[in-house]
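Let's take a walk through this structure together, from a single loop residue out to the overall fold and back down to the charged side chains. Keep the 3D view open as you read.

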Amino acid sequence: KFKTYYSQLRFVLREYERVMSLVIPVIRPLLRAHLDNLDFKIQPGISVLTWHSMNIDGYLQRIHAGLARFEELIHKINEIIEFRIEKNLKLISKTLLVDVRP
């Protein structure tokens, strides 16, 4: 059982690092509330839970669900930035505002 918990906790840490690497630094301040919520969900594993705790399974389930929701949010934000904002900025940058002829 301990090996299972250990491997699941390692997986959660790797997932957390992977998901956090998807966050564009520019939008990090905008996601402060979501990051705080995720940190709140992680906190019991840092301070309260021990290997003999009875609610490790519930903790892991909450962390997986929180990471999945946060990752979905990040993907949606990144898609908006890439396909709407950057695409429109490129289109605007190619627009000729003044036609200067010699």
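A good place to start is Asn-55, which sits in the loop between H2 and H3; helices here are DSSP runs of H or I with at least four residues, strands are runs of E with at least two, and both are numbered from the N terminus. With a relative accessibility of 41%, Asn-55 counts as partly exposed, where buried means under 20% relative accessible area, exposed means over 50%, and partly exposed lies in between (1.4 Å probe, protein chains only). Asn-55 and Ser-21 are 34 residues apart along the chain, and 29 Å separates their C-alpha atoms.

Before going further, a word on what you are looking at: this is a predicted model, in which local features need pLDDT of at least 70 and side-chain atom pairs count only at pLDDT 80 or more, while totals for chains, interfaces and linings use all residues. Residues are numbered from 1 along each chain as its sequence is written, and side-chain values use heavy atoms, with hydrogens and water left out.

Now zoom out to the whole chain. It contains three helices and zero strands, giving the pattern α-α-α along the sequence. The chain's radius of gyration is 21 Å, well over the 13 Å that the globule rule gives for 102 residues, so the chain is more spread out than a compact globule. That radius is taken over C-alpha atoms, and the globule rule is 2.2 Å times the number of residues to the power 0.38. Along its principal axes, the C-alpha trace spans about 80 × 25 × 15 Å. Of the 102 residues in the chain, 24% are buried. Among contacts between residues at least 6 apart in sequence, 74% join residues at least 24 apart, a contact being heavy atoms within 4.5 Å. The accessible surface comes to about 8,200 Å², and carbon and sulfur atoms account for 62% of that area; areas come from the Shrake-Rupley method with a 1.4 Å probe, and for residues only the protein chains shown count as cover.

Next, follow helix H2, which runs through residues 32–47. Its 16 residues reach 22 Å from the first C-alpha to the last, close to the 22 Å expected at 1.5 Å a residue; the expected span is 1.5 Å times one less than the number of residues. Where does H2 bend? The bend is at Lys-41, by about 35 degrees, and a proline, Pro-44, follows within four residues. A bend at a residue is the angle between axes fitted to the seven residues ending there and the seven starting there. Leu-35, Leu-38 and Ile-42 are buried in H2, and their cover includes helix H1 (2–21) and helix H3 (56–94).

Helix H3 has 39 residues and reaches 55 Å between its first and last C-alpha atoms, close to the 57 Å expected at 1.5 Å a residue. H3 bends too, by about 30 degrees at Ile-81. Its buried residues include Tyr-59, Leu-60, Ile-63, Phe-70 and Ile-74, along with Gly-66 and Asn-78. What covers the buried residues of H3 includes H1 and H2.

Over in helix H1 you will find Phe-11, which is partly exposed at 37% relative accessibility. Its C-alpha lies 9.8 Å from that of His-64, although the two are 53 residues apart along the chain.

Finally, look at the charged side chains. A search of the whole structure finds four salt bridges, each defined as a side-chain nitrogen of Lys or Arg within 4 Å of a carboxyl oxygen of Asp or Glu. Glu-15 and Arg-18 form one of them, at 2.7 Å from N to O; both lie in helix H1, three residues apart, about one turn of the helix. Arg-18 also has a salt bridge with Glu-71, where the closest N and O atoms are 2.8 Å apart. This second pair links distant parts of the chain, with Glu-71 in helix H3 and Arg-18 in helix H1, 53 residues apart. Glu-71 is buried, with a relative accessible area of 17%, whereas Arg-18 is partly exposed at 33%. Glu-15, Arg-18 and Glu-71 are thus linked in a network of salt bridges.

Within H3, the side chains of Lys-76 and Glu-72 meet in a salt bridge at 3.3 Å, N to O. Lys-76 and Glu-72 are four residues apart, about one helical turn. Both are partly exposed, Lys-76 with a relative accessible area of 48% and Glu-72 with 44%.
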